[in-house]
Amino acid sequence: MSVLIVVECDNGEVKKSSLEVASYGSQVAQMLGTTATAVAVGEATETNLATLGEQGISKVLYDNDSRLKDFVNGAYTKLIAAAAQQESAQIIVLANSNIGAAVGSRLSVRLQASLATNVVELPKMDGGQFVVKRGAYSGKAFSDVILSGERKIIAVKKNSMEPLHNAGQTATVEQFSAQLTDTDFADAPKQVIMQEQAGGILLPEADKVVSGGRGMKGPENWNLIEDLAKALGAATACSKPVSDVDWRPHHEHVGQTGITVSPNLYIACGISGAIQHLAGVNSSKVIVVINKDPEAPFFKAADYGIVGDVFDVLPKLTQAVKELN
Amino acid sequence: MKFLVCISNVPDTTTKIAFTPDNKELNKAGVQFVINPWDEYALTRAIELKEKLGGNVTVLNVGEADTEPNIRKALAIGADDAIRVNAKPTDAFFVAQQIAAAVKEGGYDIILMGKESIDYNGFQVHGMVGELLGIPTVAPAIKLDVEGNTATLEREIEGGKEIVEVATPFVVSCQEPMCEPRIPNMRGIMTARTKPLKVVEPTGEAARTQVTEFALPPKKQGVKLIPAESAGDLIKLLRNEAKVI
Ligand SMILES: Cc1cc2nc3c(=O)[nH]c(=O)nc-3n(C[C@H](O)[C@H](O)[C@H](O)COP(=O)(O)OP(=O)(O)OC[C@H]3O[C@@H](n4cnc5c(N)ncnc54)[C@H](O)[C@@H]3O)c2cc1C
Ligand SMILES: Nc1ncnc2c1ncn2[C@@H]1O[C@H](COP(=O)(O)O)[C@@H](O)[C@H]1O
């Protein structure tokens, strides 16, 4: 028996969300008195994989087949299933990402495992039952869920775990092959188009986000958002109407119909706080709202607020961050 | 081309969520149930493709009789016929088995779903159905075009998108901005009444997961307001008090 952790890598680096997943998985392994092995997908380097020891991983399996650089559902599923078989894994932990959830749902059928996505806390053993807490109703609630059966798959929501850092610990990296054939790559992408990221920080992975709404008046004013984001090391985001009129690209829009983020800090500038917007951001740890209307609904969901004009407030905030650094 | 659109029945997005006193179920009092918003993209895109390529659009819901008004709504929007699997949708795996069984029975070419159901936020059913049937799942897709037996899709990934080509049959989960969801018109509402709605009994294994309790997030403390004149103080609070920067 062991715990298998799926680690996503990009450009040689382990993704931040996967450091969280590794930390989650190694703590589950500790609870169960077993070992935590990882299987890496995407483009990785052995040096970076070895540092997963800091997150409590003892061994990393890695197949450096270049066809696995980009996500291929069929091939990834087969690779992870083979790793689970080899390690007799009873618990598989992955990120609640587009990759993690897609692979997790296929694996649950193939391995006859129970599956919980969007998990926000370490499991509890409750009277012999294995119980996880997960987000439901678009961030408006949580549910405790029993995972039954011998095998379990857990997809961990981003930013719900503080990554461990056991300085100096290293994991051994082992070559691993699942004997993948061409048919496993039938659904391989023909082309991958990555977006330009402001300051190089990927919105879904970011732990700080500066977001603008219609109150920003137009795309020409986005430098105010970008300057603050840059000073903070944050990603930028926007409300839906802003991306609908192409002030900002579609992939930046957060909310019920856009992406869901759960950063430590979400700063909303000139956004009213409609319920559909809140659905994408309400699990952020700290919410700051800047709006000139003291009645804006967003203030009800905020931890800190400034009633004021974004054009006046934002430069002051950027200046204050620069002074602090 | 035979299209199957899977719709779930969820509380309207503006619902204030509350639970029964034992926290075991949603308190449905005053809650309006709607077609899961993502599934409206799936439905509209299926109808658009049918109009272009010819064929038939079937909607399927796993649910008890109280979901029928929303199934009729899907028929009014333009689906041709409907299937209701008469069971409480206990978990994703249970639902996926029902859909897979319907696909085997009906021989559908393209199975369209939403990105996720906004009640359970599972993002699971489409992957499970693909695996149960041994066919690809593309999730979540922001674009879907079909030519002959091949579809070209754009799949959203963290920080970008992929162009994917798959042959039918396949499963796709749809997300905005794939299309502009349609609303029913008068003629649609009239004809929906007489379109076939078949009720079938569930098959397969029982659910593998079980919700024991719901909880609401802890109440926010209330907002701390900082005067605009001294906006810079916010940054100090974020460092020293909230400790997030
Ligand atoms: C089915 C459905 C799905 C939806 N999905 C989403 C979604 O995923 N994401 C999303 O964001 N929305 C979504 N919406 C839209 C949502 O309901 C709101 O319309 C939208 O979030 C409003 O965007 P906004 O706050 O930028 O604009 P507005 O509502 O116009 O608000 C602008 C705010 O800026 C303030 N303001 C103006 N000028 C200034 C200034 N100079 N300084 C400071 N403040 C200023 C105003 O007081 C106001 O509060 C959805 C709607 C529907 C019906
Ligand atoms: N009870 C149901 N009946 C029919 N389709 C469903 C049901 N539940 C979920 N689905 C479909 O599966 C998709 C993903 O749901 P989920 O995995 O629950 O987030 C939804 O958008 C629907 O298309």
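Let us start at one residue: Asn23(B) is partly exposed, because its relative accessible area is 28%. (Buried means under 20% relative accessible area, exposed over 50%, and partly exposed in between, with a 1.4 Å probe and protein chains only.) Asn23(B) sits in the loop between β2 (9-11) and β3 (33-35) of chain B. Its phi is positive, about 60°, although Asn23(B) is not a glycine.

Before going on, a word about what you are looking at. This is a predicted model, in which local features need pLDDT of at least 70 and side-chain atom pairs count only at pLDDT 80 or more, while totals for chains, interfaces and linings use all residues. Residues are numbered from 1 along each chain as its sequence is written, chains are lettered from A and ligands numbered from 1 in the order in which they are written, and side-chain values use heavy atoms, with hydrogens and water left out.

Now step back to the whole of chain B. It has six helices and 13 strands; here helices (H or I, at least four residues) and strands (E, at least two) are DSSP runs, numbered from the N terminus. The C-alpha atoms of chain B fill a box of roughly 65 × 45 × 40 Å along the principal axes. Of its 245 residues, 55% count as buried. The UniProt record, an unreviewed entry, lists "domain: Electron transfer flavoprotein alpha/beta-subunit N-terminal" at residues 23-209 of chain B. Such annotations may be inferred rather than shown by experiment; the positions follow the numbering used here, and feature names are shortened. That span is 31% helix and 32% strand, and its end C-alpha atoms are 17 Å apart.

Two peptide bonds in chain B deserve a look. The bond joining Ala139(B) and Pro140(B) is cis, with omega about -10°, and Pro140(B) belongs to strand β7 (residues 137-147). Another cis bond runs from Thr168(B) to Pro169(B), where omega is near -5°. Pro169(B) lies in the loop between β9 (160-167) and β10 (170-174) of chain B.

Let us turn to chain A, which has eight helices and 16 strands. How does its radius of gyration fit a compact globule? With 325 residues, such a globule would have a radius near 20 Å, and chain A has 21 Å, so the two agree. (The radius is taken over C-alpha atoms, and the globule rule is 2.2 Å times the number of residues to the power 0.38.) In chain A, 61% of the 325 residues count as buried. For this chain too, UniProt places "domain: Electron transfer flavoprotein alpha/beta-subunit N-terminal" (unreviewed entry), at residues 3-192. The span is 26% helix and 35% strand, and its end C-alpha atoms lie 32 Å apart.

Chain A has its own positive phi in a residue other than glycine: Ser138(A), with a value near 45°. Ser138(A) is in the loop between β7 (129-136) and β8 (141-147) of chain A, and it counts as buried because its relative accessibility is 14%.

Our last stop is Lys158(A), in the loop between β9 (152-156) and β10 (172-175) of chain A. Is Lys158(A) buried or exposed? At 13% relative accessibility, Lys158(A) counts as buried. Leaving aside neighbours within four places in sequence, its contacts include Ser17(A), Glu20(A), Asn96(A) and, from the other chain, Glu158(B). (Contact means heavy atoms within 4.5 Å.)
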